Amino acid sequence: MTQNRAALIFAWALLAPAIIYVLVIVAWPLVETFRLSFTDASLRKTTNYVGWRNYLKIFDRDFLEIIIRTFTWTFFSVLLKMLIGTFGAVLLNCAVPGRHVFRILTMPPWIVPMAIGIFMWGWMYNGQFGMISGLLQRFGIVDGPVAFLAYGNTAYWSTIVTDVWIGVPMVTIYFLAAIQSIPRDLYEAAWTDGASRWMRFRRITLPLMGPAVITMSMLSLISTFNSFDIIWILTQGGPSGSTTTMIIDTYATAIGSKKYGEGAARAVVICIFLSLFCVAYFRMTRKLAAAEKT
Amino acid sequence: MALKLFKKDQTRAMIDRYSWAELVGIYVGIALFLFFMLAPFIEGFLVSLKPLAQLFSSPYSFLPENGSFEAYRTMWVSVPSFGRYIFNSLLISTIATIIVLILVVPAAYAFARFKFKGMAMVLAAFLAVSMFSGAVLLIPLFRLMRTLGLLNTYFAMIVPGAAFLIPSAIWLLRTYMMRIPIELNEAAYMDGASQFYTFRRVILPIARPGIIVVAIMTFIGAYAQQFIFALTFNSKTEFMPLPVGLFAYFGKQEVIWNELMAASFVGIAPAMVIIFFLQRYLVGGLTAGAIKQ
């Protein structure tokens, strides 16, 4: 009994520093965000409580548009990450010479400081001198230079492509690990029964990758929803708001225009969505764990 | 590898045998995939070799005409403090990594070994934390940093940065430590070792490989994600880390692209060296925790 007691104290003592640190740096600011969202906090010295005024103010057509844009942007980005990640993982799993080198070559976008990768994309999207526009012209696909970041539609997709580029390596490596943990006996049995490569992929690999795909799409959903650096460096939310997602909008309101109270209200709306994703994620992992046990 | 398998089991080798068409398909697929992953780096490298005049000329030419490494020399002249930015980045990442390790190693051990009431909740809370990015909490964090007097210091970037690296580090190390046999704890207890002694003298030495993986992951994470806090909480040039410091190449009139790219490659180098030497641990460490539970 005393031993148990000592262990209990010891365990919590081990946890305490990390808990306290995260409480101060993350949990308290989270609570503070909620409090600030009911104030008119700004650079001025005085701060008053204004009730729901911030929320009433932000919920207009523009904000609704931003929410919808955030969701479509996130949806396309996550979808492409999953598709390209699966494509890459399946290919890198093939027992061909050079596969170890190929696996290493997948990692740079993930490892390199994000800002640097984004600068390089910024150059590639340049209409006059960039690679994409240059090659498209060379091959006669477009007539003149295409400044990808100068038009709403192309800027929207350009930021998605860059986000996908940064996200794919992690997805690929994770999927690769998932594929490699599938027992080889299954493939051998299928092979003995004469199943084609495609059949084996369709009937063994894909179904058994299921849990990994669900986990990864939830995790990417959350990180993509939070994506800031890419859009901020490439377009700062422009041109004329066509790449303004909720994070960018919050940053511009709070830090750009110094409207802390209103910015906090916008941040709270993001937090509500994130919490919903969070709950969905925990539900799903629990379900997956339960399914594995049976 | 393939050869060894062939001797052991014929089926294994046969299953991995591809027809010519399949081989071509696989390599074309891999080439396309890797092209997408590496195109920005290839283009960036070529840009760093081109003289500025050639960069701003139409029509577009993929390869540099009279390429040189001139930009790799002039980049130090145009932005004299560039070396300082790299140093700052390394310093910030290193201190953040140390803070994370000090907090995470004991916590991960506690989560791996003890099952007391409430601990599952705390673990879930840690995971939930990783889902709120710094961008959402920027306003109160800014005020917190101002109250603590940390604005415009290294710690304005280190302290919040470390907090967001803690959850994934705990998760990774916990999975690693769960694989350490509990018999070791029991044997230590029989010999009369205290809890702390067991942790310090039995568990820590065994967990060292896992701790190294977590340290590398945390360092890379800290090195890669120094943008938003540095942009918002620090305005002093001498403390700027690389990602923000690179904006120095954005001149008043135009961006000095070739030097920007050259500087980017110089800035990437430390991370790349780490990856090159440690990629084996990384792939193992990344995937071990995630899948095989």
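## Annotated membrane spans

UniProt positions are given here in the numbering used for this model, with shortened feature names, and such annotations may be inferred rather than shown by experiment. With that caution, the unreviewed UniProt entry for chain B lists "transmembrane region" at residues 20-42, 85-112, 119-142, 154-173, 210-235 and 255-278. For chain A, UniProt, again in an unreviewed entry, places the feature "transmembrane region" at residues 7-31, 66-92, 104-124, 155-177, 206-234 and 263-282. The structure itself is a predicted model, and the descriptions that follow should be read as properties of that prediction.

Several of these annotated spans can be set against the modelled backbone. In chain B, residues 85-112 are 100% helix and 0% strand, with 38 Å between the end C-alpha atoms, and residues 154-173 are likewise given as 100% helix and 0% strand, with end C-alpha atoms 27 Å apart. In chain A, the span 155-177 is 100% helix and 0% strand, its end C-alpha atoms lying 34 Å apart, whereas residues 206-234 are 90% helix and 0% strand, with a distance of 36 Å between the end C-alpha atoms.

## Confidence in chain A

The mean pLDDT of chain A is 85, and 98% of its residues reach 70 or more. Within this chain, confidence is highest in helix α3 (residues 61-93) of chain A, at a mean of 92, and lowest in helix α7 (residues 131-138) of chain A, at 78. In general, where pLDDT is low, the predicted coordinates should not be read in detail.

## Fold of chain B

Chain B contains 14 helices and zero strands, so that, by the DSSP assignment of helix and strand runs, its elements from the N terminus on read α-α-α-α-α-α-α-α-α-α-α-α-α-α. Of the 293 residues of chain B, 43% count as buried. Among the contacts in chain B with a separation of 6 or more, 76% are made by residues 24 or more positions apart.

## Two buried polar residues in chain B

B:Ser89 is found in helix α6 (residues 82-113) of chain B. B:Ser89 counts as buried because 26 other C-beta atoms lie within 10 Å, and the threshold for that class is 20 or more. Leaving out residues up to four places away in sequence, B:Ser89 touches B:Tyr223, B:Gln226, B:Pro241 and B:Leu242. By contrast with these contacts, the C-alpha atoms of B:Ser89 and B:Pro64, which are 25 residues apart along the chain, are separated by 31 Å.

B:Asn234 lies in the loop between α12 (228-233) and α13 (242-245) of chain B. Although placed in a loop, B:Asn234 is buried, because 23 other C-beta atoms are found within 10 Å. Apart from neighbours within four places in sequence, B:Asn234 is in contact with B:Asn152, B:Ala156, B:Met157, B:Phe239 and B:Met240. The C-alpha atoms of B:Asn234 and B:Phe142, 92 residues apart along the chain, are separated by 10 Å.

## The interface between the chains

The contact between the chains takes 78 residues from chain B and 80 residues from chain A. On the side of chain B that touches chain A, the largest share, 14 residues, comes from helix α3 (residues 20-49) of chain B. The residues on this side of chain B divide into 62 nonpolar, 13 polar and three charged.

One helix pair across the interface can be described in detail: helix α6 (residues 114-124) of chain A packs with α3(B) at an angle of about 75 degrees, with the axes 9 Å apart. Because of that angle, α6(A) is roughly perpendicular to α3(B). The contact is made by A:Gly117, A:Met120, A:Trp121, A:Trp123 and A:Met124 of α6(A), together with B:Pro40, B:Phe41, B:Glu43, B:Gly44 and B:Val47 of α3(B). By class, the contact of α6(A) with α3(B) has seven nonpolar, two polar and one charged residues.

## Positive phi values in chain A

A:Gln236, found in the loop between α11 (229-234) and α12 (246-256) of chain A, has a positive phi of about 55 degrees although it is not a glycine. A:Gln236 counts as partly exposed because 14 other C-beta atoms lie within 10 Å.

A:Lys258 is found in the loop between α12 and α13 (260-293) of chain A, and its phi is near 60 degrees, a positive value in a residue other than glycine. With 14 C-beta neighbours inside 10 Å, A:Lys258 is therefore classed as partly exposed.

Technical notes: Residues are numbered from 1 along each chain as its sequence is written. Chains are lettered from A and ligands numbered from 1 in the order in which they are written. This is a predicted model: local features need pLDDT of at least 70, side-chain atom pairs count only at pLDDT 80 or more; totals for chains, interfaces and linings use all residues. Helices (H or I, at least four residues) and strands (E, at least two) are DSSP runs, numbered from the N terminus. Two residues are in contact if their C-beta atoms, placed from the backbone, lie within 7 Å. Ala, Val, Leu, Ile, Met, Phe, Trp, Tyr, Cys and Pro count as nonpolar, Asp, Glu, Lys and Arg as charged, and the others, Gly among them, as polar. A residue is buried if 20 or more other C-beta atoms lie within 10 Å of its own, exposed if 12 or fewer, and partly exposed in between; C-beta atoms are placed from the backbone. pLDDT is the predictor's confidence in each residue, from 0 to 100. Axes are lines fitted to C-alpha atoms, for helices over the stretch in contact, and angles run from 0 to 180 degrees between N-to-C directions. Angles under 35 degrees count as roughly parallel, over 145 as roughly antiparallel, 65 to 115 as roughly perpendicular and the rest as oblique.
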